[in-house]
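Work through these exercises with the sequence and the 3D view side by side. Try each task before you read its solution.

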Amino acid sequence: MKIMHITDIHGDLETLEKTVDYAREDESIKVLACTGDYLGIFLKDNESDIMFSSYNMIKSQVRTKDGGQVPFKDAIEYVLSSTNTNRDLKIAGEVYSSIEKLFDEKATEQYSLVNKILTQSKKAIVMVHGNWDSPQYFDHFTANNIHGRTLEIEGVKFAGYGGENTEPIFVPPTRFIGLDEKGLHDFLIREDADVVLTHVPPKGLVDIVPIRKDKNLHIGSWASLAYLRAQSPNVIFCGHAHDAIGLMKDDYAPTLVINSGNLGRYPQTKHHGTFSINELNDKKYLKTHSLFKLYEGKFELIKQINLDDN
């Protein structure tokens, strides 16, 4: 079985369409695996700043009688409905709600387009969400979403668990999903799948983010690493760390972890346009890993790893 892996589209529908065209033309590719961050940046810098300013004002001023924190959903509902709130607080509530509505409209539009493009691949599709995604994701990808689910395709059992706990500044806090680390660990342990999709990498594996010339940060999940060492699935497909493109294996488990890099353009990353095609052998272990990159409108093979059959 050949699996095309794409991740971190970030609203780049042009590159997504080219990638899907490539997949459709290759009949040997049976599965399209997508590991999150489908949305791009909708809000302008000033809109994002205003949104968070309004959010912080409401969060700091609406408290319980004993000074405790009020869940933001309840706080903004109170601000918008109460006649006792001051004018500035009321305006903050109205501003936040209007920007949230704008985000929802743009997210719905973009998810619809992503879904339309992916469907054109004519492949079996499995997918999970990332930290840039919003709850609308679940409305648009009901058939292909495997977050907290399993799916068997040609005898290969896939399982997925999406999300990550870094809140993007362009996503309203009320639309941020996050990651339940314990939920990820317990679900994947229970299902014992052959191939796993997560957005976040396991800690220490294809999860490096450079923060200075002489320093890198590992942004992976301890829960995912603990699962990998306990269960040893054959392959984990992930994303999130745009610069950590490649294939790695932990010292204490045979699992191969693949991060295919950000397919879509992203402001903080110089490169984009990478995906991988991965072939499983008859025993459901990885046979070949081929990494492709978009150059001048065409995809070129930039790395191929051939592994001994297990």
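**Exercise 1. Find the residue with a positive phi just after helix 7, then describe the helix.**

Step 1. Ser232 comes just after helix 7 and takes a positive phi of about 55°. Helices and strands here are DSSP runs, numbered from the N terminus (H or I, at least four residues, for a helix; E, at least two, for a strand).

Step 2. Before going on, note the ground rules. This is a predicted model, in which local features need pLDDT of at least 70, side-chain atom pairs count only at pLDDT 80 or more, and totals for chains, interfaces and linings use all residues. Residues are numbered from 1 along each chain as its sequence is written, and side-chain values use heavy atoms, with hydrogens and water left out.

Step 3. Go to the start of helix 7. A side-chain oxygen of Ser221 reaches to within 3.2 Å of the backbone nitrogen of Ala223. That fits the cut-off for a polar contact (a pair of N or O atoms within 3.5 Å; within protein, one must be able to donate a hydrogen and the other to accept it, and residues adjacent in sequence count only if both atoms are side-chain atoms).

Step 4. List the buried residues of helix 7, residues 222-231. They are Ala223, Ser224, Leu225, Tyr227 and Leu228. Buried means under 20% relative accessible area, exposed means over 50%, and partly exposed is in between (1.4 Å probe, protein chains only).

Step 5. Look for their cover. It includes helix 6 (181-191), strand 6, strand 9 (235-238) and strand 11 (256-259). Contact means heavy atoms within 4.5 Å.

**Exercise 2. Describe both ends and both sides of helix 6.**

Step 1. Asp180 caps the N-terminal end of helix 6, with a side-chain oxygen 3.3 Å from the backbone nitrogen of Lys182.

Step 2. Just after helix 6, Asp192 has a positive phi of about 50°.

Step 3. Gly183, Leu184, Phe187 and Leu188 are buried in helix 6. Seen down the helix 6 axis, the buried residues fall within an arc of 110°, so they line one face. The arc is that of the directions from the helix axis to the C-beta atoms.

Step 4. Recall the general rule. An α-helix has 3.6 residues a turn, so residues three or four places apart point the same way.

Step 5. Now turn to the other side of helix 6. Lys182 and Arg190 are exposed there.

Step 6. The buried residues of helix 6 pack against strand 4 (149-153), strand 5 (156-161), strand 6 and helix 7.

**Exercise 3. Which residues of helix 1 are buried, and what covers them?**

Step 1. Check the length. Helix 1 (residues 13-25) has 13 residues and reaches 18 Å from its first C-alpha to its last. This is close to the 18 Å expected at 1.5 Å a residue. The expected span is 1.5 Å times one less than the number of residues.

Step 2. Leu13, Thr15, Leu16, Thr19, Val20 and Ala23 are the buried residues of helix 1. They fall within an arc of 155° seen down the axis of helix 1, so they line one face.

Step 3. Their cover includes strand 1 (2-6), strand 2 (29-35), helix 4 (87-119), strand 12 (274-280), strand 13 and strand 14 (298-306).

Step 4. Step past the helix to Asp26, in the loop between helix 1 and strand 2. Asp26 is partly exposed, at 22% relative accessible area. Asp26 touches Lys123 and Ile277, leaving out residues up to four places away in sequence.

**Exercise 4. Is Phe158 buried or exposed?**

Step 1. Locate Phe158 in strand 5.

Step 2. Phe158 counts as buried, because its relative accessibility is 0%.

Step 3. Check its contacts, not counting residues up to four places away in sequence. Phe158 touches residues including Met1, Val31, Ile146 and Val195.

Step 4. Take one partner. The C-alpha atoms of Phe158 and Val195 are separated by 4.9 Å, though the two residues are 37 apart along the chain.

**Exercise 5. Place Ser290 and name its side-chain partner.**

Step 1. Ser290 lies in strand 13 (residues 286-295).

Step 2. Ser290 is buried, with a relative accessible area of 7%.

Step 3. The Ser290 side chain makes a polar contact of 2.9 Å with the side chain of Gln304.
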